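Dear colleague,

Please find below the structure that I am handing over to you, followed by an account of what was found in it.

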Amino acid sequence: MPRPRTRGRLPSLRVSDSFKSFVLDQLSDLDGVMPKAMFGGIGLYHRDTFFGILARDTLYLKVDDTTRADYERLGMKPFKPYPGRPTTMRYYEVPAGVLESSAELVSWARKAVAVARR
């Protein structure tokens with residue numbers, strides 16, 4: 001659970017090494033995935049295309065009007081970097097069942113890469 005904001009500091013987006021390793025292992029069949037530190041979290045790139053975010057041990061993938069319904073149908077929510085702020089981004093949380101299946105996760109990640117390239 002995210003820590004509350006204290007003394008003007010925003011809650012951390014920190015990702016554990018074990019979660020980062022798990023996600024990268026699950027995505028190993030998608031050649032060219034690179035993690036890059038980003039505002040306390042981690043950005044996922046496929047070659048030069050930014051398609052995913054790891055924040056607070058949660059994976060979020062890029063969506064658009066063609067893919068958002070897949071996430072919403074499963075009750076997934078958009079990435080909100082900081083609770084209490086209205087800002088959301090065009091990245092949605094990946095369902096646990098998808099995250100646990102390497103083949104399915106790679107399929108969803110390929111769609112996210114295609115969205116990010118448009």
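Three salt bridges are counted in this predicted model. Side chains of opposite charge can pair when their charged atoms come close.

One of the bridges joins Arg-118 to Asp-64, with 3.1 Å between the closest N and O atoms. Arg-118 belongs to the segment after H4, while Asp-64 sits in the loop between strand S4 (58–62) and helix H2 (68–73), so this pair ties together parts that lie 54 residues apart in sequence. The two partners also differ in their surroundings: Arg-118 is exposed, at a relative accessible area of 63%, whereas Asp-64 is buried, at 13%. The value for Asp-64 falls under the 20% limit for a buried residue, and the value for Arg-118 is over the 50% limit for an exposed one.

Asp-65 forms a salt bridge with Arg-68, and here the closest N and O atoms are 2.8 Å apart. In this case the acidic residue is the exposed partner, since Asp-65 has a relative accessible area of 65%. Arg-68, at 17% relative accessibility, counts as buried.

A further salt bridge links Arg-73 with Asp-70, whose closest N and O atoms are separated by 2.6 Å. Both residues are in helix H2, three residues apart, and about one helical turn therefore separates them. Arg-73 counts as exposed, with 60% relative accessibility, and Asp-70 is partly exposed, with a relative accessible area of 23%.

I turn next to the sheet. Strands of a sheet pair through backbone hydrogen bonds, either parallel or antiparallel. In this model, five strands make up an open sheet in the order S1-S2-S3-S4-S5, and the pairing is antiparallel. The edges are occupied by S1 and strand S5 (91–93); each has a single partner strand, so one side of each is left without a neighbour in the sheet. From one strand to the next, the twist averages 30°. The antiparallel pairing of S4 with S5 extends over three bridges. Within this pairing, Tyr-91 in S5 is the bridge partner of Lys-62.

A smaller set of findings concerns Ser-12, which is located in the segment before helix H1 (17–26). Ser-12 is partly exposed, with a relative accessible area of 31%. A polar atom of the Ser-12 side chain lies 2.9 Å from the backbone nitrogen of Arg-14. Ser-12 and Phe-39 are 27 residues apart along the chain, and their C-alpha atoms are separated by 8.7 Å.

Finally, some remarks on confidence. The protein has an average pLDDT of 90, and 89% of the residues score at least 70. Over residues 1–6, however, the pLDDT is below 50; this stretch has seven contacts in the model beyond near neighbours in sequence. Where is confidence lowest, and where is it highest? The lowest mean, 95, belongs to strand S1 (residues 33–38), and the highest, 98, to helix H4 (residues 102–117).

With kind regards

Notes:
Residues are numbered from 1 along each chain as its sequence is written. This is a predicted model: local features need pLDDT of at least 70, side-chain atom pairs count only at pLDDT 80 or more; totals for chains, interfaces and linings use all residues. Side-chain values use heavy atoms; hydrogens and water are left out. pLDDT is the predictor's confidence in each residue, from 0 to 100. Helices (H or I, at least four residues) and strands (E, at least two) are DSSP runs, numbered from the N terminus. Contact means heavy atoms within 4.5 Å. A salt bridge is a side-chain nitrogen of Lys or Arg within 4 Å of a carboxyl oxygen of Asp or Glu. Buried means under 20% relative accessible area, exposed over 50%, partly exposed in between (1.4 Å probe, protein chains only). Two strands pair if DSSP finds at least two bridges between them. Axes are lines fitted to C-alpha atoms, for helices over the stretch in contact, and angles run from 0 to 180 degrees between N-to-C directions. A polar contact is a pair of N or O atoms within 3.5 Å; within protein, one must be able to donate a hydrogen and the other to accept it, and residues adjacent in sequence count only if both atoms are side-chain atoms.
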